[in-house]
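Dear colleague,

Please find below the structure that I am handing over to you. My account of what was found in it follows directly after.

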Amino acid sequence: MFSFCCLFALFVSTKPPAEDAWIDEAYVTFSTANYFPLVEVLLQSVELFSSRPIVVIGVNADIPFSAQRYPHMIKKRMDIGCEPLAPTLTGPIKPLRAVFFAKPQAILEAHVRNGVFLDSDVILNRECDALF
């Protein structure tokens, strides 16, 4: 119950954008800097197989890829108070501050009306836009 309440607080605290700031259809992904190489492969597959944009949200990091190379990409940044998880499971872990709990917040902050969330290790293929 406590986890649900904390995630609900994330939803409520997100400020809604202006109506014209919403994107009708797009893919959405988010990543920390250490997964940017995987995100680049995802971006390449979007450029090859999709006509839809992809909102790429950098968690505590700026997206390093250029809009000239990936014209379907819309860059955003989301800063969260997250501490790295302990290297072993024996140390204290603060799960409500971990990056994987930021997925609902990333989806909301993408400001997409109809979207498909993609993990950063996904590769799109032909006919992927049929998901919309």
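Phenylalanine 30 is buried in this predicted model, because its relative accessible area is 12% and the cut-off for burial is under 20%. Phenylalanine 117, by contrast, is partly exposed, with a relative accessible area of 26%. The ring centres of phenylalanine 30 and phenylalanine 117 are 5.9 Å apart and their planes stand at 45°, so the two form a tilted pair. Phenylalanine 30 belongs to strand β1 and phenylalanine 117 to strand β4, so that this pair links distant parts of the chain, 87 residues apart.

Lysine 103 touches both of these rings' residues, Phe30 and Phe117, as well as Asp119, when residues up to four places away in sequence are not counted. Lysine 103 is located in helix α3, which covers residues 103–109, and it is partly exposed at a relative accessible area of 30%. Although lysine 103 and phenylalanine 30 are 73 residues apart along the chain, their C-alpha atoms are separated by 7.6 Å.

The aromatic residues deserve a further word. The whole structure contains four aromatic pairs. One of them joins tyrosine 27 and phenylalanine 132 edge-to-face, at 5.0 Å centre to centre and with 70° between the planes. Tyrosine 27 lies in strand β1 (residues 23–31) and phenylalanine 132 in the segment after β4 (112–117), so this pair ties together parts that are 105 residues apart in sequence. Tyrosine 27 counts as buried, at 0% relative accessibility, whereas phenylalanine 132 is partly exposed at 26%. In addition, ring pairs join Phe36, Phe65 and Tyr70 into a cluster.

Within that cluster, phenylalanine 36 is a residue of helix α2 and counts as buried at 8% relative accessibility. Its contacts, leaving aside neighbours within four places in sequence, include Ser31, Gly58, Ala61 and Phe65. Phenylalanine 36 and aspartate 121 are 85 residues apart in sequence, and their C-alpha atoms are 9.8 Å apart in space.

I turn next to the sheet. It is open and has four strands in the order β3-β2-β1-β4, with parallel pairing. β3 (73–78) and β4 stand at the edges with a single partner strand each, so one side of each has no neighbour in the sheet. On average, and ignoring direction, neighbouring strands are turned by 35° against each other. Six bridges connect β2 and β3 in the parallel sense; valine 56 has lysine 75 in β3 as its bridge partner. Helix α2 lies across β1, β2 and β3 and runs at about 175° to β2.

Finally, there is the nonpolar interior. The largest nonpolar core has 17 residues, and Leu43, Ile54 and Phe65 have the most contacts inside it. Two elements, α2 (36–49) and β2 (54–59), give two or more residues to this core. The largest share, five residues, comes from α2. Leucine 43 is in contact with Ile54, Val56, Phe65, Tyr70 and Met73, leaving aside its neighbours within four places in sequence. Apart from this core lies another, of 13 residues, among them Val28, Ile57, Met78 and Val112.

Yours sincerely

Conventions:
Residues are numbered from 1 along each chain as its sequence is written. This is a predicted model: local features need pLDDT of at least 70, side-chain atom pairs count only at pLDDT 80 or more; totals for chains, interfaces and linings use all residues. Side-chain values use heavy atoms; hydrogens and water are left out. Buried means under 20% relative accessible area, exposed over 50%, partly exposed in between (1.4 Å probe, protein chains only). Contact means heavy atoms within 4.5 Å. A nonpolar core is a set of buried Ala, Val, Leu, Ile, Met, Phe, Trp, Tyr and Cys residues joined through side-chain atoms within 4.5 Å. Rings of Phe, Tyr and Trp (its six-membered ring) pair if their centres lie within 6.5 Å; planes under 30 degrees apart count as stacked, over 60 as edge-to-face and the rest as tilted. Two strands pair if DSSP finds at least two bridges between them. Axes are lines fitted to C-alpha atoms, for helices over the stretch in contact, and angles run from 0 to 180 degrees between N-to-C directions.
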